Every structure is written in structure tokens, then in C-alpha cells.
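Me: I've got a structure here and I'd like to go through it bit by bit. Could you take my questions as they come?

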Amino acid sequence: MKTQPWLAPPEAADLGEGFVVVGAGIAGATAARVLAERGVSVQVIDPCAPASKATGNPAAVLRPVLARDTKDPLSLFYTDAFESTRRRIDSLREQGHTIAGGFDGVLHSHPRAQDMRGRAKHEYLDAAKVQARLGPHARSDGVWLNDAGWVSPVDYCNALLDHSNIEVHQAELVSLAFNGLTWRLMAADESVISQADNVVLANGWRLLQIAQTASLPINPVASQLLHYKDAHSKHGPSVPVVGGGTLCPTADGWMLTAGHWHDTTEDTVDMARNPEILERSADLWAVPDCADDADVRAAVRATSRDYLPMVGGVPDFEQARIVYADLQHGRQIHHYPAAPHQGGLYVLGALGGRGITSAQLCAEVLGSVVFGEAHAWQPALHPLRFLARELKRGKTAP
Ligand SMILES: Cc1cc2nc3c(=O)[nH]c(=O)nc-3n(C[C@H](O)[C@H](O)[C@H](O)COP(=O)(O)OP(=O)(O)OC[C@H]3O[C@@H](n4cnc5c(N)ncnc54)[C@H](O)[C@@H]3O)c2cc1C
């Protein structure tokens, strides 16, 4: 099927003076690594240490997604994504990197667990079988995902950044200016951080603070975790247990995640605002009553409306509104030009609640876009998809 022109990638990049990647979370680290392995020199900038914002959790679950419909796009995407990430972690470990984590299975508790389908290896376990496998604290039945597991995102991110073509600098981008050839990256005091022909914006929800990506339809969502260590480390599961909440082993104990606050960028969420965190996991696991002893962490991630990431060239939204203004009339697609982009500017973002799982595949898509190669997932992740959908429905707002 012919690709819809509004989902076409930009022309291959003019590699010129290399790349600047903005953000040293998992999005920036995977993007930098994929480009570096293709021979590109990459400068990564971040005001914070790598993997200290959303990527800085003590653990992340890595799993494919099952669905009742085997053609479910989220299931297809996150199954491919899981496989790419697993290959990447295996390869980093073979290269000698120490990355905490394991692929010993994940239990997914779901009301329709018995109806779940997908390409990933899985089996349904009733509650007794789950207890036999995970011990007496387990409370639920569920789908057992054989090859899935967990990872330390901090170890994973730092291993990705450890490449001879990658340099990490401490700097915060405040604005970007294009002179027709190169992008100038400016700091708060208006000094120039760097100049580059190509820039990848991979700065999480703060994409909304950069003029060129401010109109991307992404939403910040805050969530919180409790990290149990020391005397309480023995009460947790040996593998991730996912349902209303998520329980996951860490290198030094285990953690519990639940609760979301939409449209907030506050990452100092108070425990008191989240009584659900324990309630939502009570059906999954006999959690000890010692929340006060746990470390609390909150972080903000960026989500999209269809729960798929945004990857590719940054669209020229103003131009796109003009050239696709009459999309609702259903004219044949060859009447329309290819999606207009801001030359040399790319985005890898909106990784949502599964970004550690999906960033590697997203970076592979980005690498294909930069080098002018086709990638099966490129149209589905195109950052212009939401505006195109709205215009097709005759709406003018993104
Ligand atoms: C509580 C919680 C649990 C999660 N659990 C899982 C899980 O189990 N499995 C899973 O796969 N995913 C999970 N996720 C999702 C995953 O953590 C995120 O999708 C992912 O970390 C987002 O990565 P990122 O690089 O886009 O953002 P971030 O990690 O936030 O990185 C963005 C970086 O950009 C930098 N930055 C921002 N603005 C600028 C600027 N102007 N200039 C320079 N640098 C800038 C920031 O300092 C930051 O380092 C979870 C997320 C949360 C919050």
C-alpha cells in the first residue's frame, strides 16, 4: 500500500558536522548509540547526569504486549520493540557491560488473561500455579511471558552512551535557531552551546518547552514508585508482576509502581497523594505494611494519545496545515505533497510508560530516517500523524 504523503519521512540527512542529541535519558542514549554505530560523531547534551529523570528508576519491566486481537498495533509494536531491546541488552552484556536485570519471565495479571494472544511465548497460569512458581505472596492468576524480564535503566543507559563516537556534555538547551544551513543551540544566557547540521530532540516532556516541538501533541504524566530495600527486600517477587500496579525486582530489593497524574510536570509528588499505590497492587501481591520505610521516587514521562512514540523528522506544522488543509474532502493521496519537515531536526519522544522497552526500536527507526532507508514502523510513529487525523476529520486544531 502506498504510504500516505503526510506520513512520509524527510529526505536523508546531510550528515555534515555530525549530530547533537538533546537529552541523556533512554531516548537520547539509544538515538546516540544507533547513530554512533553508523559512524556519526554525536554530542549529547543534558544539564543532569545521564538517566536521572524518567529513565532514573531503579528498574524497568521489559515485556512484549499481548492483546485479544493478534493484529492489535500496540501488541505488534511492543513485541517488536521488546525483541530489539533484548537483542541490544544481550549485545551490550557480551561487550562486557554490567547491566543489572534478568529475563526469567514476567507475570501479567489481567481480567481476560486467558484470552490474550500474541507472537511472544506465553502461557496462562491459574493462581495455584502462580503461587507454586512465585511463592505464597502471589495472589493472582495471569499470563506468564516466558522471555520477558527487567533491567536497571541506569545501567542500560550508561552502557549505551559508552561509545567512542559519543561525547556527553552538561548543558541545557533553551532555544534553537536555524540559519538555513545549520542549527544553533542556545543556552539560557544566550551563549551558543553548539552548532550542528542535525539535532535530535530527545528531552522527554520538555519537548513542550522548545519552540520547534511545542505543538507536538504530547502529555506529561507523573507517576510514583516505592523502593523497598534492606530488611524488606525479601518480601518482593523474583520476577516482575504486572497488573493494576507493577512490582519489579531491583538490584538491591524490589519496587512497586502505581498511580498516574495526568498533565502534571511535578516530579516531587507526595506519597500522601497516592493512597492507590498499595491498593492497586493488593490483588497481585501480599505487600508488607511498611510503605514508610520505602524510598519514594516520582518522575514525569511524556505520552501520546495513541500510546505509540513519536519518531522522525520534526514536522513544519504551519506548512502542514496549509498543504493538508482540505484533507477532509478525501481527495486522492497523490494530490498532496510529502510531509513538510524542519530540515535537520529530529525527534525521539513520547515514550510513555514503556519507554525503556521501546527506545531501541525507536532509535532504529530514527537511524533509518536519517539515512534515508525505509523502516516498517516509520509511518506509524510519524509525529505528524495526529494533525493529519484531525485535518481528515475537518478539525483545525491539532
Ligand atoms: C514510575 C515510572 C515507571 C516506569 N516503568 C517502566 C517500565 O517498567 N518499563 C518501561 O519500559 N518503561 C517504564 N517507564 C517509562 C520510561 O521510564 C520512560 O518512557 C523513559 O524513561 C523516557 O525516557 P526519555 O529519555 O524520553 O525521558 P527522560 O528519561 O526524562 O530523559 C530526558 C532527558 O532530557 C533532559 N533534558 C530535558 N530538557 C532538556 C534541555 N532543554 N536541554 C538538555 N537536556 C534536557 C533531561 O534532563 C533528561 O535527562 C516508567 C516511567 C515511570 C515514570
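Reply: Sure. One term before we start: a residue is called buried when its relative accessible area is under 20%. Keep in mind, too, that this is a predicted model.

Me: Then is phenylalanine 82 buried or exposed?
Reply: The relative accessible area of phenylalanine 82 is 5%. The cut-off for burial is under 20%. So phenylalanine 82 counts as buried.

Me: How many aromatic pairs are there in the whole structure?
Reply: The search covered the whole structure, not just one part of it. The number of aromatic pairs found is nine.

Me: What sort of pair do phenylalanine 82 and phenylalanine 103 make?
Reply: Their ring centres are 6.3 Å apart, and the planes meet at 70°. Planes over 60 degrees apart fall in the edge-to-face class. So the rings of phenylalanine 82 and phenylalanine 103 are edge-to-face.

Me: And where does phenylalanine 103 sit?
Reply: This pair links distant parts of the chain, 21 residues apart, with phenylalanine 82 in helix α2. Phenylalanine 103 has 13% relative accessibility, so it is buried. Its place is the loop between β4 (101–102) and β5 (106–108).

Me: Which residues does serine 84 contact, leaving aside neighbours within four places in sequence?
Reply: Serine 84 belongs to helix α2, residues 73–94. With a relative accessibility of 3%, serine 84 is buried. Its contacts beyond those neighbours are Gln360, Leu361 and Glu364.

Me: How many of the residues of α7 are buried?
Reply: Helix α7 covers residues 355–370 and spans 21 Å from first C-alpha to last, close to the expected 22 Å. The helix is largely enclosed by the rest of the structure, because the buried count is 15 of the 16 residues.

Me: Which residue with a positive phi follows α7?
Reply: The phi in question is near 70°. The residue is glycine 372.

Me: Why does the pair of tryptophan 6 and tyrosine 336 tie together parts far along the sequence, and how many residues apart are they?
Reply: The two rings are edge-to-face, 5.8 Å centre to centre with 80° between the planes. Tryptophan 6 is in the segment before β1 (19–22), whereas tyrosine 336 is in the loop between α6 (317–323) and β20 (341–349), so the parts they tie together are apart in sequence by 330 residues.

Me: Which residue lies over the face of tyrosine 336?
Reply: Tyrosine 336 is buried, as is tryptophan 6. Those two also form one aromatic cluster with Tyr324. Over the face of tyrosine 336, at 5.1 Å from the ring centre, lies arginine 331.

Me: On to serine 52: which residue's backbone oxygen lies 2.7 Å from a polar atom of its side chain?
Reply: Serine 52 is found in the loop between β2 (42–45) and β3 (60–62). At 30% relative accessibility, serine 52 is partly exposed. The backbone oxygen at 2.7 Å comes from alanine 49.

Me: How far is the C-alpha of serine 52 from that of proline 153?
Reply: Along the chain, serine 52 and proline 153 are 101 residues apart. In space, their C-alpha atoms are separated by 9.7 Å.

Me: Last one: which are the edge strands of the sheet with the order β3-β8-β4?
Reply: The sheet is open and has three strands, with antiparallel pairing. Three bridges join β3 to β8 (residues 149–151), and alanine 60 stands opposite valine 151 in β8. The strands that pair on one side only are β3 and β4.

Terms used. Residues numbered from 1 in each chain as written. Heavy atoms only, no water. Helix = DSSP H or I, 4+ residues; strand = E, 2+ residues; numbered from the N terminus. Buried < 20%, exposed > 50% of the residue type's maximum accessible area, 1.4 Å probe, protein only. Contact = heavy atoms within 4.5 Å. Expected span 1.5 Å × (residues − 1). Phe/Tyr/Trp six-rings, centres within 6.5 Å; stacked < 30°, edge-to-face > 60°. Lys NZ or Arg CZ within 6 Å of the ring centre and 35° of its normal. Polar contact = N/O pair within 3.5 Å; in protein donor to acceptor, adjacent residues only side chain to side chain. Pairing = 2+ DSSP bridges.
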